[in-house]
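Q: Please take a close look at the salt bridges of this model. Which residues do they join, and are those residues buried or exposed?

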Amino acid sequence: QYSPESVAGADGQLDPAEVTFPGCPCRSRSCAAPACPCLSRGHSYSSQGLLLAQQQQQPFSRPVFECNSLCCCGEGCQNRVVQRGLRLRLQVFRTRRKGWGVRALQPIPAGSFVCEYAGEVLGFAEARRRIQAQSPQEPNYIIAVREHLHDGRVMETFVDPTRVGNVGRFLNHSCEPNLFMVPVRVDSMVPKLALFAAADIAAGEELTYDYSGRFRNFPGASREHKAPEEENSLRKPCYCGSRTCASFLPWDSSLFSTP
């Protein structure tokens, strides 16, 4: 079932459509920091889109909060990007070795919002149950996003587009990707998993991102560890063809282990 944005999963733990954030009082056509409380909470978009600072400049990325349905600003506010959905011409196509993939049908400038990775938003128990119910031959679309907070806490978001999703489910992994994923919040703490262009992308180029979370993150931010040799038989090979290819798709053992 196609859905342009994420929906509540079968376990009913999280509802992405619920509105819990207050709206900003800005009555201007477009909000500006520091007057707008939405923008003052975190990172803001520039005229070039979302351009994050390099790791060396700051140890943590600032969060991204867009203006929401309760805000007084207009629909044309520059702080409403991901919520507007897909605006680019993309094409799902059959690759030579990786199954389905997605490519751009137009040039995409660096920093541009490309698409959301949409699906059912699940709790940890249901995400692990679904993964453990799959056979090694079945495709696994469940993504686990972990946000490491400055006080040591870790916020987890699990999205499964297997049954309900959008074009994001067809994006392939690359060890040298041209997209990066950022959790963007609009109406509540349940984030939209938004994919932005990491560099200028040419028309016809395949769109990819790093499933492991290594890209634009500290090495310790990923829970992917070197798998024992016997687990490699369960892992899927990586066909990205990049110079730094890790040979296997990312492996997160925490979702495969028993409680």
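A: In this account, a residue counts as buried under 20% relative accessible area, as exposed over 50%, and as partly exposed in between. The model discussed here is a predicted one. As a general principle, side chains of opposite charge can pair when their charged atoms come close. The structure holds 11 salt bridges, and three of them are described below.

Consider the pair formed by R153 and D151. The side chains of these two residues meet in a salt bridge, with a distance of 2.9 Å from N to O. R153 has a relative accessibility of 54% and therefore counts as exposed, because the limit for that class is over 50%. D151, with a relative accessible area of 43%, is partly exposed, because this value lies between the two limits.

A second salt bridge brings together the side chains of E176 and R243, at 3.4 Å from N to O. This pair links distant parts of the chain, as the two residues are 67 residues apart. E176 belongs to the loop between β9 (172-173) and β10, whereas R243 lies in the segment after β12 (208-209). The relative accessible area of E176 is 33%, so E176 is partly exposed. For R243 the corresponding value is 77%, so R243 is exposed.

Salt bridges may also share partners. E120, E126, R129, R130 and D160 are joined in this way into one network. Within the network, the side chains of R130 and E120 meet at 2.9 Å, N to O. R130 is located in helix α2 (residues 124-133) and E120 in strand β6 (residues 120-122), and 10 residues separate them along the chain. Both R130 and E120 are buried.

The loop that holds E176 leads to strand β10, and the setting of this strand may be described as well. Strand β10 (residues 179-185) runs antiparallel to strand β11 (residues 192-197), and six bridges join the two. One of the residues concerned is M181, whose bridge partner in β11 is L195. Both strands belong to an open sheet of four strands with mixed pairing, in the order β2-β10-β11-β5. At its edges are β2 (64-65) and β5 (113-116), each of which pairs on one side only.

In summary, the partners differ in their accessibility: R130 and E120 are buried, R153 is exposed, D151 is partly exposed, E176 is partly exposed, and R243 is exposed.

Conventions: Residues are numbered from 1 along each chain as its sequence is written. This is a predicted model: local features need pLDDT of at least 70, side-chain atom pairs count only at pLDDT 80 or more; totals for chains, interfaces and linings use all residues. Side-chain values use heavy atoms; hydrogens and water are left out. Two strands pair if DSSP finds at least two bridges between them. A salt bridge is a side-chain nitrogen of Lys or Arg within 4 Å of a carboxyl oxygen of Asp or Glu. Buried means under 20% relative accessible area, exposed over 50%, partly exposed in between (1.4 Å probe, protein chains only).
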